[in-house]
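I opened this notebook to keep a record of what I looked up in one structure, step by step. The entries follow the order in which I went through it.

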Amino acid sequence: MQEADFPGAWRPDQSQSMPLFEQLRRHVADLVTVGGLPAGRRLPPVRSLAAELGVAPHTVARAYRELEEAKIVVTRGRAGTVVAPRDAREQELTTAAAAYAAAARARGCELEEAVRLLEQAYSRL
């Protein structure tokens, strides 16, 4: 997965019933999960991200606070908010899983077939 240009073109959807802070929290968590925001990556300051997204600063602050509580990011005072370090094993497996998923999808493989093939390979080890 290529590192994301955060926030890039992503913007919260004002018409959704989901709160804006939750949309941002989920977006960041998803990017971290797939490797788009690697460990150590500094996130924009609250005020600048709020201005860029067109939301109130407290919206970004709440999303960051909830991400910190979930141990997805770490706030280091003046050093800012950064993506928290991940377990090396999990990161390696996530990278391998992403590569497998991309290869399977590129070959027209549906999720169920990809899972079945992975289970077969796993059982042969």
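The entries below go from the overall fold to helix contacts, then to a pocket and a few backbone details.

**Entry 1, overall layout.** I began by noting that this is a predicted model, and I kept that in mind for everything that follows. I counted the secondary structure elements and found five helices and two strands in the protein chain, which appear along the sequence in the pattern α-α-α-β-β-α-α. For the overall dimensions I took the C-alpha atoms along the principal axes, and they fill a box of roughly 50 × 35 × 20 Å.

**Entry 2, α1 against α3.** I asked at what angle the axes of α1 and α3 cross. Helix α1 covers residues 20–34 and helix α3 covers residues 57–69, and their axes come within 8 Å and cross at roughly 45°. The angle is above the 35 degrees under which a pair counts as roughly parallel and below the range that starts at 65, so α1 is oblique to α3. I recorded the crossing of these two helices as right-handed. On the α1 side I listed Leu20, Phe21, Glu22, Leu24, Arg25, Val28 and Ala29 in the contact, and on the α3 side Thr59, Val60, Arg62, Ala63, Glu66 and Leu67. Sorting the residues of this contact by class gave me eight nonpolar, one polar and four charged.

**Entry 3, α2 against α3.** I then turned to helix α2, residues 46–53, whose axis comes within 8 Å of that of α3 and crosses it at roughly 120°. This pair is therefore oblique as well, and α2 passes α3 in a right-handed crossing. The contact is made by Val46, Arg47, Leu49 and Ala50 of α2 together with Pro57, Val60, Ala61 and Tyr64 of α3. By class I noted seven nonpolar residues, no polar ones and one charged residue in the contact of α2 with α3. Val60 of α3 caught my eye, since it is listed in the contact with α1 and also in the contact with α2.

**Entry 4, the largest pocket.** Which helix supplies the largest share of the lining of the largest pocket? I first wrote down its volume, about 230 Å³, and then the lining itself, which consists of Ala97, Tyr100, Ala101, Ala104, Arg105, Cys109, Glu110, Leu111, Ala114, Val115 and Leu118. Both α4 (88–106) and α5 (111–123) supply at least two residues of this lining, and the largest share, five residues, comes from α4. The lining divides into nine nonpolar residues, no polar ones and two charged ones.

**Entry 5, backbone details.** I looked up the peptide bond from Phe6 to Pro7 and found that it is cis, with omega near -5°; Pro7 lies in the segment before α1. I also noted Lys71, which has a positive phi of about 65° although it is not a glycine, and which sits in the loop between α3 and β1 (73–75).

**Entry 6, Arg86.** My last look-up was Arg86, in the loop between β2 (81–83) and α4. Leaving aside residues up to four places away in sequence, I found that Arg86 touches Val32, Thr33, Ala39, Gln91 and Thr94. I also checked Arg86 against Gln23, 63 residues apart along the chain, and their C-alpha atoms are separated by 22 Å.

Terms used:
Residues numbered from 1 in each chain as written. Predicted model: local features only at pLDDT ≥ 70, side-chain atom pairs only at ≥ 80, totals over all residues. Heavy atoms only, no water. 1 Å grid on protein atoms, 1.4 Å probe; cavity = no way out; pocket = protein on both sides within 12 Å on 5 of 7 lines; lining within 4 Å. Points joined across faces, edges and corners; volume = space filled by probe spheres on them. Nonpolar A, V, L, I, M, F, W, Y, C, P; charged D, E, K, R; others polar. Axes fitted to C-alpha atoms, helices over the stretch in contact; angles between N-to-C directions. Parallel < 35°, antiparallel > 145°, perpendicular 65-115°, else oblique. Left-handed = near helix turned anticlockwise from the far one by under 90°. Contact = heavy atoms within 4.5 Å.
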